[in-house]
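Reader: I would like a close look at one helix of this model and what surrounds it. Please add any unusual backbone geometry in the loops.

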Amino acid sequence: MSRRILLVEDNVDNRSIYRVILEHAGYEVLEALDGEAGVEMARELMPDLILMDISIPKIDGWEATQILKADELTKHIPILALTAHALPRDRERAMEVGCDGYLSKPISPREVLLQIEKFLQPRT
């Protein structure tokens, strides 16, 4: 069974790029276009990992992460911030709200996969 990754990203080009990269690497990709949908999908579909853009509609990635990390059902799911917010303070804030990792765009597909694999060790 393939691992599921929830991609929360409102930009259609970024979404399609990451989907292709992830599917090519053997992951099942779920997509949410805003933070509200991302929270709902995470609770309903229980992905193995979430790639969370920060500047997204309805509720931003910071708030969506806080909601998921405060929820007993979803707090164990690794969340990687995937964002163009590249200032040192943004990285600190990502950790404060509960992100497990921080990737700043633009980022190479290989680096995205390496970071994901750190959190998704092979199942035993």
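Author: This is a predicted model. Start with the outward side of helix H4: Pro88 and Glu96 are exposed there. The other side holds the buried residues of H4, which spans residues 88-97. They are Asp90, Ala94 and Val97. Why do they lie on the same side of H4? Because they cover an arc of only 75° around the axis. Several elements cover these buried residues. Among them are helix H3 (61-70), strand S4 (79-83) and strand S5 (101-104).

Next, the backbone. Just after H4 comes Gly98, with a positive phi of about 115°. Most residues other than glycine have a negative phi, and most peptide bonds are trans. Three places in the loops deserve a look against that background.

Take Met46. This residue is not a glycine, yet its phi is positive, at about 45°. Met46 sits in the loop between helix H2 (35-45) and strand S3 (49-52). Its relative accessible area is 30%, so Met46 counts as partly exposed.

Lys58 is not a glycine either, and has a positive phi of about 65°. The loop between S3 and H3 contains Lys58. With a relative accessible area of 62%, Lys58 is exposed; the cut-off for that is over 50%.

Last, a peptide bond. The one from Lys105 to Pro106 is cis, and its omega is near -5°. Pro106 belongs to the loop between S5 and helix H5 (109-119). S5 is also part of the cover over the buried residues of H4.

How values were computed: Residues numbered from 1 in each chain as written. Predicted model: local features only at pLDDT ≥ 70, side-chain atom pairs only at ≥ 80, totals over all residues. Heavy atoms only, no water. Buried < 20%, exposed > 50% of the residue type's maximum accessible area, 1.4 Å probe, protein only. Helix = DSSP H or I, 4+ residues; strand = E, 2+ residues; numbered from the N terminus. Arc of directions from axis to C-beta. Contact = heavy atoms within 4.5 Å.
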